[in-house]
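Please open the model in your viewer and keep the sequence panel beside it. The stops below go from the domains to single side chains.

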Amino acid sequence: MANVAVIGAQWGDEGKGKVVDWLASRADVVVRFQGGHNAGHTLVVGGETYKLSLLPSGLVRGKLGLIGNGVVVDPEALLAEIARVQAQGLKVSPETLRVSESATLILPFHPALDKAREAARGDGKIGTTGRGIGPAYEDRVARRAIRVADLAEPETMSHKLEELLRHYNTLLRELGADTFAKDAMMAHLLALAPKILPFAEPIWERMDTLRKEGKRILFEGAQAVMLDVDHGTYPFVTSSNTVAANAAAGSGTGPWAVGFVLGIAKAYTTRVGSGPFPSELHDDIGKLLGERGHEFGTVTGRPRRCGWFDAAMVRQAVKIGGIQGLVLTKIDVLDGLKELKICTGYRINGEAFRHLPAGMAAQAAAVPEYETVEGWEGSCRGARSWADLPAQAVKYVRRIEELVEAPITLVSTSPERDDTIMVRDPFEG
Ligand code: IMP
């Protein structure tokens with residue numbers, strides 16, 4: 001019985017929530033290994049809509065949720081999210097949620113700097129979620145971060161705050177933003193400590209035990225391969241490795257424990273925030289995809305940019321992410337379009353590319369090369385088997401499968417959990 005890692009294969013918001021929920025219902029444990037409350041997963045269970053940012057999705061199904069060391073944890077956001085889902089009737093306690101003692105904390109000066117820097121960038125802004133993700137990861141690698149375990153050590157916190165505030169206040173002052181006082185920050189941390197520490201533990205040890213017990217583990221990725229800090233459209237990316245390889249490092253287990261790597265891709269493409277998007281549509285079709293697909297960011301509410309399916313990009317994500325099976329979501333959004341285009345490669349300054357190269361100017365100059373395929377008249381909505389899909393829709397899926405060089409494992413045909421065509425059970429490896 002394999003474990004499964006789920007990652008986005010485009011720029012995020014691929015509809016991971018539904019797939020993760022379906023998989024979570026069949027797993028024993030769900031582990032977050034990177035990102036923070038920049039992620040947004042919407043789950044509809046039993047008529048109730050849950051919007052999760054930091055909590056592992058399995059909690060909605062009563063499964064143990066683990067937040068690994070690779071996650072940046074905003075303690076206030078975590079407590080607020082716990083209170084929110086508790087008000088909806090979910091049970092979240094130290095029995096159902098564990099947080100790595102070595103996870104980095106996001107503190108109030110992180111979003112403050114994130115926002116001040118974005119404002120200073122003007123047109124060159126990354127379009128971050130403004131939640132302090134980047135600055136917190138910077139502190140982690142700069143070895144000055146306050147981590148969950150430090151909440152039990154007032155002296156360590158005091159010492160680290162000195163260095164942190166010297167750094168942050170200098171930058172904030174320079175950017176014309178408000179600075180932070182050490183006493184207030186220390187009081188803030190001391191007040192948070194008794195609320196967060198009951199959830200803290202060495203997650204690596206828990207992972208070892210669960211693995212030995214033969215538990216089914218689901219690794220829940222956030223963001224997506226093209227937002228990966230190394231492999232994405234840098235610098236228009238998030239600040240963590242979003243690929244499944246990081247599931248091991250971000251939770252404290254071996255790479256062989258990660259299991260089957262499932263990638264999620266929408267049947268078209270969307271992106272929030274700035275950065276290159278070769279197959280973006282600025283016409284009525286782009287608008288139609290946005291309206292029909294309800295393409296607004298879960299976290300920030302920003303309208304998403306929409307475009308044709310970019311098979312060259314997903315093929316790249318398949319190779320980088322080690323994706324062994326692909327889930328295609330929201331195919332019903334394409335219902336009724338006369339013809340569809342699939343991006344198969346790019347032309348950059350006259351030269352042909354089958355992938356997006358790393359250079360920032362090259363990425364910005366990428367012009368998509370399209371293959372045109374016929375659309376379909378019937379509807380894909382609610383289909384649960386291939387036979388329910390219009391013939392042209394099956395052709396479209398098969399063509400995508402060929403181009404991205406990964407088998408299609410599932411096709412999702414509506415937000416309803418059971419409206420799914422299962423080709424292969426990811427837990428069977
Ligand atoms: P950050 O992660 O807040 O630093 O934002 C960096 C980039 O990643 C921006 O373009 C965000 O819009 C994007 N981003 C971060 N989290 C998500 C997500 O969950 N879905 C889609 N885009 C995201």
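Begin where two of the domains meet, bearing in mind that this is a predicted model: between domain 1 and domain 2 there are 5 residue pairs in polar contact, both residues of each pair being at pLDDT 80 or more. On the domain 1 side of this interface, select β6 (72-73) and α2 (75-87), which are the elements that contribute two or more residues to the side touching domain 2. Of these, α2 gives the most, with 4 residues. If you colour the domain 1 side by residue class, you should find 10 nonpolar, 11 polar and 2 charged residues facing domain 2.

Now step back and colour the chain by domain, taking domain 1 as 4-99 together with 204-260, domain 2 as 104-196, and domain 3 as 266-428. Place a marker at the centre of domain 1 and another at the centre of domain 2, each taken over C-alpha atoms, and the distance between them is 23 Å. Selecting the contacts between these two domains should give 23 residues of domain 1 and 20 residues of domain 2. Together the two domains bury about 1700 Å² between them, of which 68% is on carbon and sulfur atoms. Within domain 1, show H37, V72 and P75 as sticks, since these residues lose the most area to domain 2 and together make up 31% of what that side buries. How many salt bridges cross the interface of domain 1 and domain 2? The rule finds 0 there.

The structure as a whole, however, holds 26 salt bridges, and the next stops visit some of them. Side chains of opposite charge can pair when their charged atoms come close.

Select R206 and E201, whose side chains meet in a salt bridge at 2.8 Å, N to O. Toggling the surface here is instructive: E201 is buried, with a relative accessible area of 11%, whereas R206 counts as partly exposed at 28% relative accessibility.

Move next to helix α7 (residues 203-212), where D208 and R211 both lie, 3 residues apart, about one turn of the helix. Their side chains meet in a salt bridge at 3.1 Å, N to O. Here D208 counts as partly exposed at 28% relative accessibility, and R211 is likewise partly exposed, at 29%.

Then select D332 and R381, whose side chains form a salt bridge at 2.7 Å, N to O. This pair links distant parts of the chain, with D332 in the loop between β15 (325-329) and β16 (339-348), and R381 in the loop between β18 (367-374) and α12 (391-404), 49 residues apart. Is D332 buried or exposed? D332 is buried, with a relative accessible area of 9%. To see salt bridges that share partners, select D13, K266, E295, R304 and K330 together, as these residues are joined into one network.

For the last stop, centre the view on E95, which sits in the loop between α2 and β7 (97-100). With 63% relative accessibility, E95 counts as exposed. Add P198 to the selection and draw a line from C-alpha to C-alpha: E95 and P198 are 103 residues apart in sequence, and the line spans 9.7 Å in space.

Notes: Residues numbered from 1 in each chain as written. Predicted model: local features only at pLDDT ≥ 70, side-chain atom pairs only at ≥ 80, totals over all residues. Heavy atoms only, no water. Domains from an automatic or database assignment. Contact = heavy atoms within 4.5 Å. Buried area = accessible area lost by both parts, 1.4 Å probe. Salt bridge = Lys/Arg side-chain N within 4 Å of Asp/Glu carboxyl O. Polar contact = N/O pair within 3.5 Å; in protein donor to acceptor, adjacent residues only side chain to side chain. Nonpolar A, V, L, I, M, F, W, Y, C, P; charged D, E, K, R; others polar. Buried < 20%, exposed > 50% of the residue type's maximum accessible area, 1.4 Å probe, protein only.
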